[in-house]
2 protein chains.
Amino acid sequence: MTLTGFLPVTDVTACCNPIAREAISAGNATNLAKSLRALADPARIRLISMVAAHEDAEACVCDLTEPLGLGQPTVSHHLKILVDAGFLSRTKRGTWAYYRLIPGSLDSVARLLVTV
Amino acid sequence: MTLTGFLPVTDVTACCNPIAREAISAGNATNLAKSLRALADPARIRLISMVAAHEDAEACVCDLTEPLGLGQPTVSHHLKILVDAGFLSRTKRGTWAYYRLIPGSLDSVARLLVTV
DNA sequence: CACCAACATTGACAAACGTCGATATCGTCG
DNA sequence: CGACGATATCGACGTTTGTCAATGTTGGTG
């Protein structure tokens with residue numbers, strides 16, 4: 001299980017029923033695990049949360065570094081993982097890179113976990 | 001971030017709003033990350049899925065080892081992580097240990113991810 | 001009691017991860 | 001053009017992870 005070689009999360013989750021409803025295939029389990037792994041870090045959860053809750057629902061790296069308490073390269077690293085996994089989008093305007101939550105991306109993961 | 005020192009997932013998720021609704025605290029992000037980390041492995045996703053989909057919604061280690069293609073100690077290891085994280089319960093009957101999905105545990109994680 | 005089967009625990013090892021400092025890239029402003 | 005500011009990439013490091021073989025534990029059975 002590496003964090004490299006993602007499918008965007010919406011592709012991953014278009015595949016199957018909630019995992020508790022019927023036995024998931026090995027391949028789909030691997031894909032879902034990759035998406036979850038991208039989320040399974042405190043810094044990345046906070047990044048998603050901060051981006052979504054930020055003014056205009058977008059934020060640049062400079063908005064995130066200080067409140068997160070991590071260095072700029074580390075923040076860029078985490079953001080890249082979230083972009084590659086399909087949770088965030090990146091838009092460059094001037095010198096700044098603005099990140100946004102991709103609508104529905106978290107929901108498609110949630111849909112696979114839910115049992116009701 | 002270690003996989004040891006869990007709170008049961010239902011405690012973790014009783015804490016807060018969906019992460020995209022308002023900025024999550026560092027502590028709650030750490031707890032949610034621990035729960036997600038317990039799920040973020042292909043073998044463990046398949047275990048949850050197989051247990052939930054199994055006859056009578058329970059399964060023993062011997063039911064899981066062979067279809068999963070992993071050794072018995074490895075399967076026990078993964079099951080312990082899922083029990084500690086509050087996703088599975090363990091009941092011993094005779095020589096066998098039966099695992100069940102704890103109702104609502106997956107849903108409480110899903111509730112924190114969902115945005116709609 | 002002695003043996004066996006199911007499961008848990010331990011110890012070891014390679015692979016992957018999170019973080020950082022240093023450096024590279026790219027757009028802006030003088 | 002040259003300097004600067006925001007961000008990305010690289011290389012390195014200590015830590016955590018997933019897996020296995022070997023061993024321990026516990027309950028049933030002869």
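Two short exercises follow, on a predicted model.

**Exercise 1. Work out the strand order of the open sheet in chain B, then place the helices that pack on this sheet.**

Solution.

Step 1. Start with the edges. In chain B, β1 (58-60) and β2 (88-93) each pair on one side only.

Step 2. Fill the middle. The sheet has 3 strands, ordered β1-β3-β2 in chain B, and the pairing is antiparallel.

Step 3. Check one pairing. β3 of chain B spans residues 96-101, and β1(B) joins this strand over 3 bridges in the antiparallel sense. Within that strand, B:Y98 is the bridge partner of B:C60.

Step 4. Add the twist. From one strand to the next, the average is 30°.

Step 5. Place helix α4 of chain B, residues 61-68. This helix packs on the sheet and touches β1 and β3 of chain B. Its direction makes about 80° with that of β1(B).

Step 6. Place helix α5 of chain B, residues 72-84. This helix lies across β2 and β3 of chain B. It runs at about 120° to β2(B).

**Exercise 2. Find the operation that lays chain B on chain A, and state which residue of chain B comes closest to the rotation axis.**

Solution.

Step 1. Superpose. A turn of 180° with a shift of 0.0 Å along the axis lays chain B on chain A, with an RMSD of 0.0 Å.

Step 2. Read the symmetry. The two copies are therefore related as by a two-fold rotation axis.

Step 3. Locate the axis. B:A110 is the residue of chain B that comes closest, with its C-alpha at 2.2 Å.

Step 4. Compare the interfaces. Of the interface residues of chain B, 100% are also interface residues in chain A, so the copies meet through the same surface.

Conventions:
Residues numbered from 1 in each chain as written. Chains lettered and ligands numbered in written order. Predicted model: local features only at pLDDT ≥ 70, side-chain atom pairs only at ≥ 80, totals over all residues. Heavy atoms only, no water. Pairing = 2+ DSSP bridges. Helix = DSSP H or I, 4+ residues; strand = E, 2+ residues; numbered from the N terminus. Axes fitted to C-alpha atoms, helices over the stretch in contact; angles between N-to-C directions. Contact = heavy atoms within 4.5 Å. Least-squares fit on C-alpha atoms with pLDDT ≥ 70 in both.
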